[in-house]
Amino acid sequence: MAGIAFGGDYNPEQWPREVQEEDVRLMREAGVTMVSLGIFAWALLEPAEGRYEFGWLDEVVDRLHAAGIAVNLGTPTAAPPPWFSLKHPDSRPVTREGRRVGTGGREHACSSHPAFRHATAELVSRLAQRYGDHPAVVMWHVHNEYGAPLGECYCEASVAAFREWLKVRYATLDALNHAWGTTFWGQHYGDWAEIDAPRWSHTVVNPAQRLDYARFANDEHRGHYLLQKELLTGKPVTTNFAGTVNCKSMDLWTWAGDVDVIANDHYLDAERPDNHIHLAMSADLSRSLAGGGPWLLMEHSTGAVNWQRWGVAKRPGEMRRNSLAHVARGSDAVMFFQWRASRFGAEKFHSAMVPHAGTDSALWRDVVRLGAEVGRLAEVAGSRVSAEVAIVWDWESYWALELDWRPSTELRFLERVEAYYAALWREHVTVDFVHPSADISGYRLVVAPSAYLLTEGSAKNLQRYVEDGGSLVVSYFSGIVNEHDTIHPGAYPGVLREVLGLSVEEFHPLRDDETVALGRPDGVGRIWSERVRPAGARTVQSFATGPDAGHAAVTRHNLGAGVAWYIATAPDDLRELLAEIVVRAGVTRPGELPDALEMVERGPYVFLINHADAAAPVPGVVGADLISGAPFTGEVPAGGVCVVRTP
Ligand code: GAL
């Protein structure tokens, strides 16, 4: 497809023919170029086992094609039909607590279950045969949001598959016993059959076993995806990620190579005043999974969602800012859930492109306007965003850190990553996300905010980066354990001692509301304090109060041609500290900009998104504004967006 795709999930099966016909007329009015179709339509495509009814879908696909609208065709495996669940009651997933999931919703089949895999293959091979060559179909949309809402399944089929997975990973029980540290609490295994899933128990279950179960569950969902991908030849295949930042259960680095294009769903968290920063983070992580290239925003909302505490409608201009911020950060699509608001079912209070109020509404007018603007951005498609700063992001570390019985329950992966990301966002610095083992040599600055689990290999990668001239920032409780959640030998932070030039003797986690003063005016630290013992590193800031008063809180270590910083608490003024580090690392930054002005360069295009209620001056940017069609005036209107093509 040329240009930036515009459209949404389309569920015509909920509507009579007249409405379906009106849909296509309205789609043209709004500039819709692509819809995602059939995502939950299994029961309508195969109403009884082996009885297929494709006629209605043929008609919809043909009608869309006649109107020049491309189809992103779903495989409806996220909604197994009632006949399937009745015939295979044991295909319904079991939670860690041992509750079997009921029917009547969606996502109620286990990805490992042989009957589910068989039924999936039967249906998907028919879809491939029937629609694979249809000129309207440009892409396959497999399943829906793997891993959400249920990442891990604890059914019998899963446990059997887990044992096989372990045999491949460890080959021998000796290797498994060693990796899992089963001498602790006498958990030694003498037979593969003795191994169970790490079910809920009244005390803490072996953390290495839990980590492996998380990896296994991720692989099982991927297996179900790959089974379909093999059948869907001829067109690009993807699956929509359940929000790159929010989908904890899937290690999306492992998925990135299996999809032909990264597709992400993103929903604002209505409770957060900084949700536009969270949006940017999700988009940047999507682009990073895409290796810096374009990706697709497969779902977001025109307004309120119906699954949060408050279904907050977007403020005027907010949908537009949201959509274009995704494009700024590399998306070649602006897609919504969903096209037309449902009248019945679980999501009837969810916003849509065609609201219940109909076309005589501000929302519809905004959708039409946005469609036209997205059309004007066609030349942006395919261009790349490049960043000089990277944040280390590792799902395995995310999983491991948030298992039970850590030194503090306030140690949360996202909390620290978001703190660093937000500080950089406010400094107008664009960041990529990287796996700790990735090639990071091209970045001027790499930040590892919450790298609790860090393999020896990854730690060496970070060290080499510094020795070769890079600037590294590491935050507390990083480099503590290996891939089996086993503590690295010697003092903390085992594998990072050398690069940071220090060791940590004791942790002093802070209680709620407890703070420590830092040795710079008004400096405050929260969540964490610890006894740092520099061994080569220089103290930049010290703790002025609290259990580590008089000892280092922030250090800097020159190593080889580079420098490694360590931050041993959660400072309130992280932004100030990072601003200094960014400057020292030689990161290119725009001149003075208002705080709430988001500026991202994508190829020759400068996206300027003003999140404030006042106009924002942006000196130094010259060129044509693709949105207004006129030369950029040097000012972004209150709440407005400009996309400037620079010479
Ligand atoms: C997504 C899901 C969609 C729809 C949407 C509502 O997670 O993929 O099908 O439910 O949420 O916000």
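Phenylalanine 184 lies in the loop that runs between helix 7 (173–180) and helix 8 (207–231), in a model that is predicted. Together with Trp185 and Trp405, Phe184 forms a nonpolar patch on the surface, and the accessible area of these residues together is about 440 Å². Trp405 appears again among the residues that lie nearest the centre of the second largest pocket, and helix 8 supplies the largest share of that pocket's lining. The points below follow these elements through the structure, and then turn to other cavities, to one arginine in a loop, and to some details of the backbone.

**The second largest pocket**

- The second largest pocket holds about 600 Å³ of space, and 27 residues line it, with Pro207, Trp405, Arg406, Tyr452 and Asp485 lying nearest its centre.
- Helix 7 and helix 8, the two helices on either side of the loop that holds phenylalanine 184, each give at least two residues to the lining of this pocket.
- The largest share of the lining comes from helix 8, which contributes 3 residues.
- When the lining residues of this pocket are sorted by character, 18 are nonpolar, 5 are polar and 4 are charged.

**A salt bridge from helix 8**

- A search through the whole structure finds 46 salt bridges, and one of them pairs arginine 210 with aspartate 404, whose closest N and O atoms are 3.4 Å apart.
- This pair links distant parts of the chain, for arginine 210 belongs to helix 8 while aspartate 404 sits in the loop between helix 13 (395–401) and helix 14 (413–426), and the two are 194 residues apart.

**Cavities**

- The count of cavities of 30 Å³ or more comes to 7, and the largest cavity contains about 210 Å³ of space.
- Of the 25 residues that line the largest cavity, Ala109, Cys110, Ser111, Leu150 and His221 are the closest to its centre.
- Helix 8 gives 5 residues to the lining of the largest cavity, which is the largest share there, and the lining as a whole divides into 13 nonpolar, 9 polar and 3 charged residues.
- The second largest cavity has about 70 Å³ of space, and its lining includes Arg329, Tyr421, Trp425, His428 and Glu598.
- Helix 14 and strand 22 (597–602) each supply at least two residues of the lining of the second largest cavity, with the largest share, 4 residues, coming from strand 22.
- By character, the residues that line the second largest cavity fall into 6 nonpolar, 2 polar and 2 charged.

**Arginine 384 in its loop**

- Arginine 384 is placed in the loop between helix 12 (362–376) and strand 10 (389–392).
- Leaving aside residues up to four places away in sequence, arginine 384 touches Gly291, Gly292 and Gly293, and also Glu601, Arg602 and Gly603.
- Arginine 384 and arginine 412 are 28 residues apart along the chain, and their C-alpha atoms are separated by 32 Å.

**Details of the backbone**

- Most peptide bonds are trans, and most residues other than glycine have a negative phi.
- The peptide bond that leads from phenylalanine 337 to glutamine 338 is cis, with an omega near -10°, and glutamine 338 lies in the loop between strand 9 (331–336) and helix 12.
- Another cis peptide bond joins tyrosine 492 to proline 493, with omega about -15°, and proline 493 lies in the loop between strand 13 (471–475) and helix 16 (497–500).
- Glutamate 145 is a residue other than glycine with a positive phi, the value being near 45°, and glutamate 145 lies in the loop between strand 4 (137–142) and helix 6 (156–170).

Note on methods: Residues are numbered from 1 along each chain as its sequence is written. This is a predicted model: local features need pLDDT of at least 70, side-chain atom pairs count only at pLDDT 80 or more; totals for chains, interfaces and linings use all residues. Side-chain values use heavy atoms; hydrogens and water are left out. Patches are made of residues with over 30% relative accessible area and no salt bridge: like charges are joined within 9 Å, nonpolar side chains (Val, Leu, Ile, Met, Phe, Trp, Tyr) within 5 Å. Accessible areas come from the Shrake-Rupley method with a 1.4 Å probe; for residues, only the protein chains shown count as cover. A salt bridge is a side-chain nitrogen of Lys or Arg within 4 Å of a carboxyl oxygen of Asp or Glu. On a 1 Å grid over the protein atoms alone, a cavity is a set of points where a 1.4 Å probe fits but cannot get out, and a pocket is an open set with protein on both sides within 12 Å along at least five of seven lines; lining residues have an atom within 4 Å of a point. Grid points are joined across faces, edges and corners, and a volume is the space filled by probe spheres set on the points. Ala, Val, Leu, Ile, Met, Phe, Trp, Tyr, Cys and Pro count as nonpolar, Asp, Glu, Lys and Arg as charged, and the others, Gly among them, as polar. Contact means heavy atoms within 4.5 Å.
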